[in-house]
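Here's a quick walk through one protein model, written for someone who would rather look at the fold than read tables. Have the viewer open as you go.

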Amino acid sequence: MTTDYAVLSDLPCSKEQIENCIYSKWYPAFKRFTPKSRIIKPLPNEFIRYLEQDGIKLPPPEHEASVYTRVTIDHDGNTRENWEKQGKQESDEMRPIEHFLQVHQQIKDIIQELGPVTPKLNWSSPRDATWILPNNTTKCSEVNEVYLLLNASNYIMHDLELGHELNCEFELVLRQWFALNPALEFRIFVKDGKVVGVSQRDLNYYHYLHPLADQFKNLFDRFVKEVMIPRFPDKSFVIDVYLPRPFEKVYLIDINPFTRKTDPLLFSWNELINFEAEGYDLRLISENNIGRFASKEHSENQVPRDVVDASLDPNAIRELAEKWTKLLEQQQAESDSE
Ligand SMILES: Nc1ncnc2c1ncn2[C@@H]1O[C@H](COP(=O)(O)OP(=O)(O)OP(=O)(O)O)[C@@H](O)[C@H]1O
Ligand SMILES: [Mg+2]
């Protein structure tokens with residue numbers, strides 16, 4: 001009898017390996033190769049409880065609040081006075097100005113210094129929550145946008161769980177925002193000091209990448225050998241890099257542990273773990289395999305647009321609830337009559 005299924009290769013990952021990938025652990029050694037970042041650390045308990053509580057409590061409108069967050073607040077009727085009243089009613093609820101004013105001020109100062117930023121916690125960015133901002137990106141031009149993104153993200157919730165599990169200090173990373181071309185983002189898999197695969201990170205087809213693959217591989221090999229290996233404590237890791245035109249300098253965006261939890265993109269983990277040959281693949285989406293990956297990223301973490309709109313507007317919530325109730329009643333009536 002033959003087995004027609006693959007046996008999963010074991011891939012142990014230590015606590016230390018995961019801790020090495022915390023942003024503040026590696027950033028100092030890679031400053032020259034990474035977008036400018038500021039790290040607020042350690043985050044007070046109040047800030048963590050704020051992220052963990054249900055709902056999103058924003059501070060009262062301030063003069064620099066974006067039109068977007070101002071509208072949100074107005075819809076909820078959260079003027080300064082009734083916001084303060086609410087505060088007295090629900091006393092164990094965390095709110096920025098009352099419970100972590102210092103961090104709140106630090107975030108504002110950093111945005112003032114760097115301009116728009118993109119936030120992340122120890123390991124993850126709220127990539128699944130871009131739907132909550134009007135520009136549909138993780139670009140934050142003011143502090144309330146940082147709160148909206150972090151609160152709406154499941155990936156951030158996973159970071160909180162992992163941080164509690166490992167009992168480590170939490171940190172908020174604010175990276176200076178730049179308009180990055182997703183076609184030029186790559187994920188490099190390094191095992192025991194050797195590159196075992198490179199994948200395009202954004203799973204769309206970009207025809208102009210194909211003739212450049214060999215040139216990119218040379219640059220990535222050099223980057224891993226000359227920049228990563230001498231500075232990073234592990235010999236196995238997965239890095240996200242950015243290679244803007246004119247394709248000379250590689251920028252480090254993130255370091256991830258070499259574990260199954262890290263998305264292998266156009267590879268399978270079994271392939272990466274068992275790779276022994278010389279000469280690895282740089283995999284790109286081709287015209288032919290585009291369909292396989294066409295599903296929307298983070299779709300499992302997204303909610304329908306009308307639910308989002310409704311969550312920001314109490315009248316819309318009521319309407320939506322009424323619509324759903326009617327629909328359910330209709331379905332019930334139909335199944336009763338069958
Ligand atoms: N400074 C920046 N300016 C603009 N966009 C950025 C910046 N840094 C990162 N990004 C974008 O955010 C995306 C996610 O960033 P990052 O890799 O740090 O998140 P992550 O949560 O660790 O992702 P993963 O779970 O895939 O490891 C990047 O792929 C990039 O498109
Ligand atoms: Mg990452």
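What follows covers a sheet, the helix on it, the nonpolar cores and one loop residue.

## The sheet

Keep in mind that this is a predicted model. It has an open sheet of 5 strands in the order 7-6-4-5-8, and the pairing is mixed. At the edges sit strand 7 (251-256) and strand 8 (282-283), each pairing on one side only.

Strand 8 runs parallel to strand 5 (residues 194-200), and 2 bridges join them. If you want to spot one, look at S199, whose bridge partner in strand 8 is R283. Helix 10 (residues 213-231) packs on this sheet and touches strand 4 (185-191), strand 5, strand 6 (237-242), strand 7 and strand 8. The direction of helix 10 makes about 120° with that of strand 6.

## The nonpolar cores

The largest nonpolar core has 44 residues, and F220, I239 and I255 touch the most other members. Several elements supply at least two residues each, among them helix 2 (23-30), strand 4 and strand 7. Helix 10 gives the most, with 8 residues. Because domain 1 (36-176) and domain 2 (181-293) both contribute residues, this core lies between them.

Zoom in on F220: setting aside residues up to four places away in sequence, F220 touches F186, I188, V198, V241, L243, V250 and L282. There's also a second, separate core of 33 residues, including I132, C140, L149 and L172.

## A buried loop residue

T259 is in the loop between strand 7 and helix 11 (269-274). Is T259 buried or exposed? T259 counts as buried because its relative accessibility is 7%, below the 20% cut-off. Beyond its neighbours within four places in sequence, T259 is in contact with L11, C13 and W269.

Key: Residues are numbered from 1 along each chain as its sequence is written. Chains are lettered from A and ligands numbered from 1 in the order in which they are written. This is a predicted model: local features need pLDDT of at least 70, side-chain atom pairs count only at pLDDT 80 or more; totals for chains, interfaces and linings use all residues. Side-chain values use heavy atoms; hydrogens and water are left out. Two strands pair if DSSP finds at least two bridges between them. Helices (H or I, at least four residues) and strands (E, at least two) are DSSP runs, numbered from the N terminus. Contact means heavy atoms within 4.5 Å. Axes are lines fitted to C-alpha atoms, for helices over the stretch in contact, and angles run from 0 to 180 degrees between N-to-C directions. Buried means under 20% relative accessible area, exposed over 50%, partly exposed in between (1.4 Å probe, protein chains only). A nonpolar core is a set of buried Ala, Val, Leu, Ile, Met, Phe, Trp, Tyr and Cys residues joined through side-chain atoms within 4.5 Å. Domain bounds come from an automatic or database domain assignment.
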